[in-house]
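Student: I am new to this structure and would like a close look at a single part. Could you walk me through one strand and its surroundings?

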Amino acid sequence: MPSRKKQSKAINKNWDFLYPSAIPGSAASGLKTLDSGELLSLGSSASDQSIQGPTTTPTDLTEISSINMTSAQPLTNESLESLQSEDARKVMDTVDRLRKAGLGSIVQLPQIVTVGDQSSGKSSTLEAITGIPFPRKENLCTRFATQIVMRRAKTESVAVAIMPDKLRPSHEQEKLKTMDLKLDDFSKLGDLMDTAMVAMGLDQPDQSTVQAFSRDVLNIEISGPTRPQLTLVDLPGLIHSETKQQSREDVKLITELVEEYINEKRTIVLAVVSAKNDYANQIVLKKARDLEAADRTLGIVTKTDFLEAGSENERTWIELAQNKDVMFGLGWHMLRNRTPKEMDKSFEYRDKTEAQFFSSGSYRGLERDTLGIQALRNRLSTLLYEHLTKELPLLQKELKQKHEETTKALTQLGEARSTTEQQKQYLMQLGQEFEKTAGSAVSGYYDLEFFSKIDNENSILHPSNLSRLRAAVQHANLQFAGQMRQYGSKFKVIDGPPELTELEEKEADDFVFTKYYQQAESSQLMQSHQEAVKWVRHILERSRGRELPGNFNPAIIGQLFREQSTHWAVLATDHVDKVADLCDSFVEQLLRTISTPDVYTKIYANIVEPELKARTERAHHELAQIIKDKNGEPITYNHYYTTTIQKLRAQKLRRKFQDFMDEQGHTTEDDDGDVRTSFDTTSLLQAMSSTAVEEDMDKFSAEDALICHLAYYKDELKFFVNCVTKHVIERHLIGDLPSKIIFSVKFGLMSPDDLRILAAEPSAMMQERDHLRKRKETLENGMKQFRSAMGAF
């Protein structure tokens, strides 16, 4: 195992910034090599553990009478008084200040925990370290956690309290907290623990089911002018299997209890194993490794006097203590505690007997700092010192982080809103903030903090990008316009003549539709040009009036257009719903950001949701009027319609003339190699006259009606898209959103009853604010203590 000198060197760099004069072994420190019995201690409050309640000084008497004991073993104990050196106390003041500042209820402060299997010698080890006699019974070991808290004070005193399990009913918790327990003599600690056991409900004869263990904690605080700041916790022993006295529930309870303590990252684990049993079968070793606590675990071998001198078994245990088998970051140590026959002997007798034991046999060749209680006290002193130098900077960082989290939580709760004036002021400020931020979002000015986050991994229409509302709506409108051009028609002609193919609306090759707008493609039907003419012809024949052959009824254009634009209503409705959802999500995000959860819920339910619903309904009503106008008789005054028809007819004739010339022309090559095409003009004119005549009058009318229909459709499509985006989207959903949903004037005109409904704080929130304020004060006090101990952060 690493030497003590190497460990001391490893911590010097970490500790320089705290107390340059308190580094063990340094010339500046003046700190001599620690004498036997000097143990550097760590402070901790009773509330550090998740199973504990607050430590209180009992004031009321319950049916269990108080215990007053006369002095058979005085409270002034040399082992306690010599646990730390004078210079080391300077270092420990930092932790003591933090504990006194109440930080034990917020962050985990360092402590020592003894863990082991039942009857492994935990209590004997702890009493040897502290000089406090921990009672033991033959058939059953520790029944609950016992926490020894040593504190520095001007006068000697001992305070005893039971910290009840938080899962107990409240009346039982109160009963245990108010018990009047006293301890005037350490020799009577066993009687006190028996009284606590009865109070916790263990082994009471009137109970139908005997409870062997408890999650309650017996807390003993020892104060005095020479006491160290040290917390030692003795836990019930781990149980291998259930017995008559120990149920399956007891096994589970003890396992969970031990795991909770071991899991605390600032806890040093003393893993105690008995040499009377094979260490491979002792649960504590597996727990320390499985819970990732091996690096902060010190293994302790007890009952070494049970081993036969010179035996293979003894050699195996010695190799374990040399960290050659189960390796712990803090190494191993061997003890020889008092035997049952020696329990009436003094601690001085115990230490002398142990020293003689380890001075003989196989132990003579081992390092002295791994044997005996005196060496263990020295070792723990160095060990805890190193642990503290590592944990204090991390603790400082954790304090800052929790302070930031608490401050943020307080900010989110906002100012108190108990009076009508406070409620009005809060809501008016909220309205102003909404108007300002929403106005920027609609205008496309994104310089406020609310717009700072951009998600480049997801679509513009993804909820993570909706804070920039104008960008999202613009993108949706472009998608809608492309959708209408590409997939808006019921029929799509796929092999028409060039003049009709050019008339078809096409999107650019690189235009990418979102999934929402791409789905319209599935509802469009494909048609050949011949099928399109046939479709028009059928309608023409069924719509014929008194027009002469070769002409078509003008009303047929309206019929063709209405059928071709059948999908417009659905596509436009879906688009309006999409933009309405974008607006809803934006308002929800903004309102959540600028208000507290309770106010958000009330304002959204009473104001925002009804207004958003009304706006969407008005938008759909406007769209319905536009669709109704679209389905009326064809009307257009745009010259684009007639220009398009003339161009289409001219292109049709040009195509036919070009086809004839290709058939009738004679190609020759002159002397210069130029190719020339010649025609017989007479034959050309005669052929053109016969080619231009379509004998099938209905087909001629159908083709002409198809041209007129496509020209009108293209003209009306552009008008419809503009109407939807301007008259529906902009007018009813976007344009006045900042000033029509939440605004300060509305709140300013509200009655006191309405203000109370929206902004009055629930009692739980008032308690939460009070809790956070106290938590913040505690954290700030702790940070102040850090500054006092170590200088400015």
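Tutor: Let's look at one strand, E6, and the strands beside it. This is a predicted model, where local features need pLDDT of at least 70, side-chain atom pairs count only at pLDDT 80 or more, and totals for chains, interfaces and linings use all residues. Residues are numbered from 1 along each chain as its sequence is written, and side-chain values use heavy atoms, leaving out hydrogens and water.

Strand E6 spans residues 267-274, and eight of its eight residues are buried. Buried means under 20% relative accessible area, with exposed over 50% and partly exposed in between (1.4 Å probe, protein chains only). Strands (E, at least two residues) and helices (H or I, at least four) are DSSP runs, numbered from the N terminus.

Now to the two sides. In a regular strand the side chains alternate between the two faces of the sheet. On E6, Thr 267, Val 269, Ala 271 and Val 273 point one way, while Ile 268, Leu 270, Val 272 and Ser 274 point the other way.

Next come the neighbours; two strands pair if DSSP finds at least two bridges between them. Strand E1 (residues 111-116) pairs with E6 in the parallel sense over six bridges, and Gln 111 has Thr 267 as its bridge partner in E6. E6 also pairs with strand E7 (residues 297-302), again in the parallel sense and over six bridges. There, Leu 270 has Leu 298 of E7 as its bridge partner. To get from E6 to E7, the chain passes through helix H8 (residues 283-290), making a right-handed β-α-β crossover: with the strands pointing away from the viewer, the path from the first strand over the helix to the second runs clockwise.
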